[in-house]
Amino acid sequence: MKHLPNMITSTRFIFAALLLFTVPLSVMFWFFYGLAAATDLIDGPIARKLKASTNFGSALDTTADIFFLICIMVCVFPILEITAQSYVLIGSVFLLKIISLSYAYIKFKTIVSYHTCMIKFLALFIFTFPFWILFLDVNLIVLVLAILQNIAYVEELLITRKSERPDANIKSVFSGLKG
């Protein structure tokens, strides 16, 4: 039972990959999208309930989230009118996340991906991106998400800097840190 959360997380890779074989925003797209999103919603609570939370599970979850997001982008972006500025903003988000992960790895010798309140809040908006594009200008959505994500990743950098040991479940830079 202790491996159940990681098995659930691993299925996100499959459902995300299947998005690449669907027509963007079609019924099959939404079906696989919903299954992938559901795995993200349930893996963490199940891990906590089973007392099976691990740094590996946290890193696997983050990797699955990034893969899911990339698959969404590959599937949906070709049908959108995205400006060069938006692509630069998206690139800045990925770059800052890589910097955050690298800094934590250098400091702690392990991959640490924080599950802060800000990251959890943003996950809702990131994973509902395909819904937002039905109603709002895609470039405005990218701008807002990029600003908020970059703030979240700066918070991760500050947490790593102030932390004495890795704690993926820290709630914010203001909670329980020494220094």
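Visitor: Which residue follows α4, and what is the sign of its phi?
Guide: Glad to start there, with a predicted model in which local features need pLDDT of at least 70, side-chain atom pairs count only at pLDDT 80 or more, and totals for chains, interfaces and linings use all residues. Residues are numbered from 1 along each chain as its sequence is written, and side-chain values use heavy atoms, with hydrogens and water left out. Helices (H or I, at least four residues) are DSSP runs numbered from the N terminus. After α4 comes Lys 109, and its phi, near 60°, is positive.

Visitor: What end-to-end distance does helix α4 have?
Guide: The expected span of a helix is 1.5 Å times one less than its number of residues. For the 25 residues of α4 (residues 84–108) that gives 36 Å. The model agrees, as the end C-alpha atoms are apart by 36 Å.

Visitor: Is Lys 97 buried or exposed?
Guide: Lys 97 is found in helix α4. Buried means under 20% relative accessible area, exposed over 50%, and partly exposed in between (1.4 Å probe, protein chains only). Because its relative accessible area is 8%, Lys 97 counts as buried.

Visitor: Which residues is Lys 97 in contact with, leaving aside neighbours within four places in sequence?
Guide: Contact means heavy atoms within 4.5 Å. With those sequence neighbours set aside, the partners of Lys 97 are Thr 62, Ser 113, Tyr 153 and Glu 156.

Visitor: Which elements do the buried residues of α4 pack against?
Guide: The buried residues of α4 include Leu 89, Val 93, Leu 96 and Phe 108. The buried residues of this helix pack against α3 (55–76) and α7 (138–162).

Visitor: Which element gives the largest share of the largest nonpolar core?
Guide: A nonpolar core is a set of buried Ala, Val, Leu, Ile, Met, Phe, Trp, Tyr and Cys residues joined through side-chain atoms within 4.5 Å. The largest one has 36 residues, and those with the most contacts inside it are Phe 68, Leu 80 and Phe 129. Elements giving it two or more residues include α1 (4–19), α2 (27–49) and α5 (117–127). The largest share, eight residues, is from α7.

Visitor: How many disulfides does a search of the whole structure find?
Guide: A disulfide is a pair of cysteine sulfur atoms within 2.5 Å. Cys 75 is in none, as the nearest cysteine sulfur, that of Cys 71, is 8.7 Å away. For the whole structure, the number found is zero.
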